[in-house]
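Visitor: I would like to go through this structure with you. Could we begin with the charged pairs and then turn to the ligand?
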Amino acid sequence: MEVTSKFSSYSKFAKVQFVKRIRNGGSLKEVKNMPDKIIKGEGLWNGRLLKFNTLESTNVWAVQHIDFCQNGDVIWAVRQTMGKGRLSRVWLSPDDKGLTLSVVVEFKNNRIIPAVNFAAALAVNKTLKMFSLKGSLKWPNDVLVRGRKIAGILSEAKPERNFVVVGIGLNVNMKKSDIESANFSFPATSMLIEIGRPLEMDILRKVLVSSLEKNIDSLFIHGTKVVIDSWEKYDWLSGSLIEIDTPAGVIKGTYNGMDEQGRLRLIDKNGCENLFWSGDVKKVVAVD
Ligand code: BTN
């Protein structure tokens with residue numbers, strides 16, 4: 001039986017957690033929705049890699065199973081079937097052509113959460129650089145290559161456990177036809193399109209995990225300023241006229257970077273600075 005074979009590959013800790021779950025009224029269905037493999041040492045800070053062959057969403061799984069999670073866990077779905085994007089969008093990664101994972105990070109102060117998100121985008125950017133790609137960053141959490149989206153980040157906090165789940169979706173081996181049929185809301189690309197050859201997902205995942213670990217360590221040691229300063233070097237919106245779509249309507253102005261908390265600064269036509277925690281941003285072309 002599938003559950004038994006999965007179960008035998010688990011660590012003693014994981015087995016104890018399962019038994020506890022069942023004793024506390026957890027169903028077998030719930031147990032079945034458990035990783036296909038748990039590999040120690042392949043998460044952040046020597047933590048665990050929870051590998052699923054197929055999963056609807058690594059973020060949803062992590063949030064729902066937060067009691068099972070530990071600091072540094074990487075939840076990886078080889079195939080993600082119902083990925084969650086920002087602003088209630090769907091994150092599409094056809095077949096197993098995208099790298100889709102979530103990282104569980106423990107925090108002491110929730111003011112750090114936006115910066116964890118930025119640190120993750122910078123880690124994706126660094127990973128791209130290792131494969132000779134020049135990426136740029138679009139506030140709050142998109143990574144672009146040649147102005148096309150190649151990766152997105154979705155962070156969800158679980159304050160009751162002081163955990164933030166940082167979900168990363170990277171377009172890896174999608175062909176042009178995959179991108180076209182996915183009908184993304186923003187022009188998109190993949191590493192295959194940009195480099196011209198398919199990439200080995202395991203290698204890419206390890207490079208990304210190591211880069212995430214470095215960036216999050218640096219954030220916890222040096223604070224948010226370091227992350228925000230690094231962001232500026234790759235900021236795609238720098239100096240642009242932008243439009244930000246917020247629940248209060250669309251606001252137009254000049255992008256003026258981020259403040260120390262990660263809020264977008266927009267200078268409106270009256271020269272006043274407006275700050276935004278979230279919103280959908282577009283560059284606009286000036287018309288006289
Ligand atoms: C966005 O750009 O809208 C954010 C996309 C985030 C997608 C990733 S894929 C892995 C993780 N699991 C999810 O369901 N979503 C995130």
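Guide: Certainly. This is a predicted model, and a search of the whole structure finds 13 salt bridges in it.

Visitor: Which residue forms a salt bridge with arginine 205?
Guide: The partner of arginine 205 is glutamate 42, and their closest N and O atoms are 3.1 Å apart. The pair links distant parts of the chain, with the two positions 163 residues apart in numbering. Arginine 205 belongs to helix α8 (residues 201-222), whereas glutamate 42 lies in the loop between β1 (37-40) and β2 (48-55).

Visitor: On to the ligand. Where does the ligand sit?
Guide: The ligand sits in the largest pocket. There are 20 residues around the ligand, and those that come nearest are Ser57, Thr58, Lys84, Arg86 and Lys149.

Visitor: What polar atoms lie close by, and at what distance from the ligand?
Guide: Serine 57 places a polar side-chain atom 2.6 Å from an oxygen atom of the ligand. For lysine 84, a backbone N or O atom lies 2.7 Å from a ligand oxygen atom. In the side chain of glutamine 80, an N or O atom is 3.0 Å from a nitrogen atom of the ligand.

Visitor: And how much of the ligand's accessible area does the protein cover?
Guide: The protein covers 98% of the 410 Å² that the ligand has on its own.

Visitor: Which element supplies the largest share of the shell?
Guide: Strand β9 does, with four residues. The elements that each supply at least two residues are α4 (58-64), β4 (83-84), β6 (98-106), β9 (148-158) and β10 (163-171).

Visitor: How does the shell divide by class?
Guide: The shell has five nonpolar, 11 polar and four charged residues.

Visitor: A change of topic: the backbone. Which peptide bond is cis?
Guide: The bond from tryptophan 139 to proline 140 is cis, with omega near 0°. Proline 140 is in the loop between β7 (135-138) and β8 (142-145).

Visitor: What about phi of aspartate 95?
Guide: Phi of aspartate 95 is near 45°, a positive value in a residue other than glycine. Aspartate 95 is located in the loop between β5 (90-91) and β6.

Visitor: Why mention these two features?
Guide: Because most residues other than glycine have a negative phi, and most peptide bonds are trans.

Technical notes
Residues numbered from 1 in each chain as written. Predicted model: local features only at pLDDT ≥ 70, side-chain atom pairs only at ≥ 80, totals over all residues. Heavy atoms only, no water. Near = heavy atom within 4 Å. Polar contact = N/O pair within 3.5 Å; in protein donor to acceptor, adjacent residues only side chain to side chain. Areas by Shrake-Rupley, 256 points an atom, 1.4 Å probe, with all protein chains shown as cover. 1 Å grid on protein atoms, 1.4 Å probe; cavity = no way out; pocket = protein on both sides within 12 Å on 5 of 7 lines; lining within 4 Å. Sits in = over half its atoms within 2 Å of the grid points. Nonpolar A, V, L, I, M, F, W, Y, C, P; charged D, E, K, R; others polar. Salt bridge = Lys/Arg side-chain N within 4 Å of Asp/Glu carboxyl O.
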